[in-house]
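Biologist: Could you take me on a close look at one part of this protein, the middle of its sheet, and show me how the surroundings fit around it? I am new to this, so please go step by step.

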Amino acid sequence: MTNALRNLPSPASETGSNTATGSVTELVLTRHAPDQAALLLPMIAWLSHNSAGRWISWVTSTNITRQLLEKFGVNTRNLRIIHCTDDQQALWITWEALARGNSHTVIASPGKLNDREFAELEHAANSGQCQGILIRERQEDKSGQSMQHMSGCVIH
């Protein structure tokens with residue numbers, strides 16, 4: 001699968017110099033959100049029309065139809081969906097997609113990351129001059145209540 005990422009050209013070639021830098025952002029969603037797709041697809045639609053001729057790469061375990069993507073206005077010619085159900089494989093594929101430089105944005109849910117893995121993804125995004133959006137679910141305690149730890153505080 002990494003060979004496909006390596007050899008697949010961008011949807012259109014950019015001309016001129018590209019001075020963009022890469023970064024990684026985490027998007028934290030509630031596990032029991034009524035429809036996570038309703039939150040993500042408008043963002044992906046906007047990105048797919050504003051990607052400067054580069055791919056929007058979505059590493060996901062979710063099966064999604066072209067009809068649903070088009071219903072939300074996604075330009076499917078600029079979207080590359082990479083299906084992956086294994087967290088370790090998703091992490092590696094996400095790193096590859098960020099580092100290759102042919103994606104404008106890489107969206108992925110690589111599971112829980114340690115500081116080293118997150119730093120490696122940030123480095124890959126900088127190398128590929130790519131934006132990364134990592135989606136993770138908010139941690140819950142044993143009672144099922146959402147928790148967010150911030151400098152010694154717990155928010156319920």
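**A close look at the middle of the sheet**

Modeller: Let's start with one residue: Thr 105 is buried, because its relative accessible area is 2%, and buried means under 20%. Keep in mind that this is a predicted model, so please read each value as computed from it.

Where does Thr 105 sit? You will find Thr 105 in strand β4. Which residues does Thr 105 touch, leaving aside those up to four places away in sequence? The list is Leu 47, Trp 55, Ile 56, Ser 57, Cys 130, Gln 131 and Ile 133. Pick out Cys 130 from that list: Cys 130 lies 25 residues from Thr 105 along the chain, yet the C-alpha atoms of the two are separated by 5.6 Å. The wider protein has many contacts between distant parts of the sequence too: of its contacts with a separation of 6 or more, 71% are between residues 24 or more positions apart.

Now step across to a partner strand. Opposite Thr 105 of β4 stands Ile 56, and Ile 56 belongs to β2. The strands β2 and β4 run parallel and are joined by five bridges. On β2 you can follow the two directions in which residues point: Trp 55, Ser 57 and Val 59 go one way, while Ile 56, Trp 58 and Thr 60 go the other way. Is β2 enclosed or open to the outside? Six of the six residues of β2 are buried, so β2 is largely enclosed by the rest of the structure.

There is another neighbour for β2. Five bridges also join β2 to β3, and these two strands run parallel. One pair to find on your screen is Trp 58 with its bridge partner in β3, Ile 81.

Let's zoom out to the sheet. What is the order of its strands? This open sheet of five strands reads β1-β5-β4-β2-β3, and its pairing is parallel. At the edges stand β1 (23-29) and β3 (79-83), each with a single partner strand, so one side of each has no neighbour in the sheet. From one strand to the next, the twist averages 15°. For the β1 edge, look at its pairing with β5, which is parallel and extends over seven bridges. Within that pairing, Leu 27 has Ile 135 in β5 as its bridge partner.

Helices lie against this sheet. The helix α2 packs on it and touches β1, β2, β3, β4 (103-108) and β5, with a direction at about 155° to that of β2. The helix α4 packs on the sheet as well, touching β2, β3, β4 and β5, and its direction makes about 165° with that of β4.

Follow α4 a little further, to its meeting with α5. How do the axes of the two helices lie? The axes of α4 (residues 87-100) and α5 come within 7 Å and cross at roughly 25°. That angle makes α4 roughly parallel to α5, because angles under 35 degrees count that way. From α4, the residues in this meeting are Gln 88, Leu 91, Thr 94, Trp 95, Leu 98 and Ala 99, and from α5 they are Glu 117, Glu 120, Leu 121, Ala 124, Ala 125 and Ser 127. By kind, the residues of this contact divide into seven nonpolar, three polar and two charged.

Two loops are worth a stop on the way. Most residues other than glycine have a negative phi. Ala 52, in the loop between α2 (36-49) and β2 (55-60), has a positive phi of about 50° although it is not a glycine. Gln 129 also has a positive phi, near 45°, and its place is the loop between α5 (115-127) and β5 (131-137). Ala 52 counts as partly exposed because its relative accessibility is 43%. Gln 129, at 27% relative accessibility, counts as partly exposed too.

Finally, here is the whole setting. The protein has five helices and seven strands, and along the sequence they follow the pattern α-β-α-β-α-β-α-β-α-β-β-β. Of the 156 residues, 36% are buried, and Thr 105, where we began, is one of the buried residues. The accessible surface comes to about 9,200 Å², and 50% of that belongs to carbon and sulfur atoms.

How values were computed. Residues are numbered from 1 along each chain as its sequence is written. This is a predicted model: local features need pLDDT of at least 70, side-chain atom pairs count only at pLDDT 80 or more; totals for chains, interfaces and linings use all residues. Side-chain values use heavy atoms; hydrogens and water are left out. Helices (H or I, at least four residues) and strands (E, at least two) are DSSP runs, numbered from the N terminus. Buried means under 20% relative accessible area, exposed over 50%, partly exposed in between (1.4 Å probe, protein chains only). Axes are lines fitted to C-alpha atoms, for helices over the stretch in contact, and angles run from 0 to 180 degrees between N-to-C directions. Angles under 35 degrees count as roughly parallel, over 145 as roughly antiparallel, 65 to 115 as roughly perpendicular and the rest as oblique. Contact means heavy atoms within 4.5 Å. Ala, Val, Leu, Ile, Met, Phe, Trp, Tyr, Cys and Pro count as nonpolar, Asp, Glu, Lys and Arg as charged, and the others, Gly among them, as polar. Two strands pair if DSSP finds at least two bridges between them. Accessible areas come from the Shrake-Rupley method with a 1.4 Å probe; for residues, only the protein chains shown count as cover.
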